[in-house]
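Work through the three exercises below with the model open. Try each task before reading its solution.

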Amino acid sequence: MVTGTRNISNLNRYTMELNKLKGLNNKLYLNFYHERIPTRNGYGDALVKLGRNKNIMVCCADLKESTRVQNFAEKFPKQYVEMGVAEQNLVTVASGLSAAGKIPFVSSYAMFCPGRCWEQIRTTICYNDRNVKIIGAHAGISVGPDGATHQALEDIAIMRALPNMIVVVPADYEQTKKATQALAHFSGPAYMRFAREKTEQMTTAKTPFTIGKAQVLKQGKDIALIGAGPVVYGCLVAANMLQEKGFNALVINCHTIKPLDHATILMAAKKCKKIITVEEAQITGGLGGAIAEFLSEVYPTKIKRVGMKDRFGESGDPDELLKVFGFSAEHVYKEAMKMLGEK
Amino acid sequence: MKKLNKLSDLRMMAEVIREDIIAMLVEAKSGHSGGPLGMADILTALYFNVLKHDPKKPQWEGRDRLVLSNGHICPVQYAAMANAGYFPKKELLTLRKLGTRLQGHPHRTSLPGMETTSGPLGSGLAQAAGMAYAFKLDQKKNTVFCLCSDGEQDEGNHWEAVMFAAKHKLSNLVAITDRNYIQIDGNTEQIMPLDPLDRKYEAFNWNVKVIDGNDMVAIINTLTKARNNHGKPLMIIANTIPGKGVDFMENDYRWHGKPPQSEEAEQALAEIHAQEVNERGDWYKKHLKLKPIHNGTK
């Protein structure tokens with residue numbers, strides 16, 4: 001969905017060519033194959049395994065099927081709590097469950113949770129230091145035809161601003177599975193977001209995942225493309241286009257936006273001197289904001305933030321929207337060429 | 001914990017807690033007067049008779065949970081906790097000051113024994129319901145008590161929790177509404193009417209008891225029986241007098257959110273003493289053994 005090149009022949013072309021990208025990090029066991037799976041499925045599949053721990057609970061605000069917690073609910077009915085359409089209650093009850101020793105994962109659409117219940121998350125989970133995992137599904141513009149009311153683009157910014165909160169945006173299905181497991185074993189408040197649409201696969205079962213450790217997918221020296229979420233695939237596609245023009249791009253999957261992996265970001269800045277950040281979110285306060293804040297203090301670097309430009313989305317096909325609002329691989333490529341042309 | 005069984009001892013403790021509240025507020029120079037004074041009897045009953053708890057082991061797993069939803073009345077909980085032995089009484093005078101464990105609104109991780117962080121209204125009942133749900137699931141015997149104000153029941157989050165607790169028949173959840181009819185801007189029935197509050201809870205499938213929240217006999221009887229509550233969650237609507245014990249504060253919404261000045265505090269303490277003498281005769285020496293902070297430290 002990130003590439004804006006939904007047509008299959010194009011996708012096959014890109015996918016085949018990505019395997020030939022120079023400088024791919026072979027320690028990550030990446031594999032590009034043409035099967036797209038929604039990231040949210042990784043959440044659901046991981047939960048079913050985690051459910052054997054009786055303290056793992058899932059609370060959901062009337063969105064069981066679409067947030068992919070249905071299988072968990074069927075397999076572990078006692079550990080599943082249906083909250084109804086009540087997101088403030090969703091997070092505050094979860095805070096109480098955590099107080100009694102449970103590890104609740106709360107599931108809704110990112111627009112409603114954390115969108116509807118920010119203060120409750122702040123007071124009763126973050127300041128209260130409760131071990132609650134907040135899961136925002138259907139984030140980003142690619143929610144598509146539902147329109148701007150349902151396109152959560154500010155969730156990263158509002159969660160990142162909270163002390164004690166960590167923010168994870170996994171890049172694909174396999175990584176979402178790993179991130180879900182990692183969050184279950186991490187004690188403390190956490191936010192994870194994912195998209196609705198099926199997206200391309202990069203990581204595999206062998207790819208390591210550590211909260212807070214960004215992944216250098218491809219080595220390069222001319223420009224750094226740093227993405228979070230399924231848009232990372234688009235960064236690789238853009239890197240491939242740049243390779244055809246003779247430029248060697250560094251590509252980083254910055255799956256944890258908070259805490260930000262300072263060492264890896266600083267390395268990228270020093271090596272490339274030019275950075276493009278890519279995220280399916282507002283350009284204010286998200287990944288791009290986090291990186292700009294950090295680098296401006298320690299190593300001022302030219303940064304172009306690709307994301308939503310302080311406006312609302314609209315209804316449309318996900319691919320059309322990604323293209324129109326400038327999230328596509330082609331867009332990242334064009335921005336990179338502009339930066340590379342500058343002296 | 002030191003359990004008080006005699007009514008006269010409980011009443012005396014409630015008065016000492018009131019005096020401590022006045023001393024804390026005048027020292028802090030900000031904070032809420034009305035709610036804490038009105039709830040002194042109920043907090044006394046909870047900490048000195050009803051709750052299963054151990055001030056020396058605040059994390060004891062078998063303890064009951066007391067969730068304060070309307071965090072702004074925390075001076076009364078701090079005073080009750082200090083008198084019960086959770087921390088030295090002298091510390092009460094650090095309320096709202098830099099570096100204190102007694103934050104202006106409660107912060108759980110600052111103060112052992114405080115079950116949750118609160119202040120923003122309407123979220124406590126949901127947390128209490130979450131705790132009660134987990135205890136029920138794990139077949140644990142802990143009872144969860146939740147103190148709510150009436151004003152905070154303007155919040156939707158509160159009623160979401162009311163429905164949740166009823167759905168799961170959380171009979172191990174006992175909520176107490178401080179029904180004092182005041183909130184910051186005036187009378188609750190003018191700001192946003194809540195009556196008939198008892199019938200609302202009945203309609204939402206809760207058990208309901210209405211009591212005089214300043215009558216120690218009624219409080220002890222009702223809270224003791226609350227342990228045998230079954231079938232539904234229980235709401236105790238406690239009709240209280242905000243500012244109870246201090247004539248010029250009683251039932252005046254303007255005292256919801258401000259502290260007494262020094263002269264007002266002296267007058268308030270005198271009135272609390274006078275009410276005591278009036279009710280129980282010469283009590284002064286015995287009362288000093290409980291070390292009210294305005295005597296003990298000034």
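**Exercise 1. Find the domains of chain A and describe how they touch.**

Step 1. Chain A splits into domain 1 (8-28 + 207-341) and domain 2 (37-199); these bounds come from an automatic or database domain assignment. This is a predicted model: local features need pLDDT of at least 70, side-chain atom pairs count only at pLDDT 80 or more, and totals for chains, interfaces and linings use all residues. Residues are numbered from 1 along each chain as its sequence is written, while chains are lettered from A and ligands numbered from 1 in the order in which they are written.

Step 2. The C-alpha centres of the two domains of chain A are 25 Å apart.

Step 3. Count contacts (C-beta atoms, placed from the backbone, within 7 Å). Domain 1 of chain A contributes 35 residues and domain 2 of chain A 32 residues.

Step 4. Sort the domain 1 side of chain A by class: 18 nonpolar, 13 polar and four charged residues. Nonpolar means Ala, Val, Leu, Ile, Met, Phe, Trp, Tyr, Cys and Pro; charged means Asp, Glu, Lys and Arg; the others, Gly among them, are polar.

**Exercise 2. Describe the side of chain B that touches chain A.**

Step 1. Chain B gives 24 residues to the contact, chain A 22 residues.

Step 2. Helix 5 (124-137) and helix 6 (156-167) of chain B each give two or more residues. Helices are DSSP runs (H or I, at least four residues), numbered from the N terminus.

Step 3. Helix 5 of chain B gives the most, with 10 residues.

Step 4. The chain B side holds 11 nonpolar, 10 polar and three charged residues.

**Exercise 3. Report the confidence scores.**

Step 1. Chain B has a mean pLDDT of 94, and 98% of its residues reach 70 or more. pLDDT is the predictor's confidence in each residue, from 0 to 100.

Step 2. The model has ipTM 0.93 and pTM 0.94.

How values were computed
Contact = placed C-beta atoms within 7 Å.
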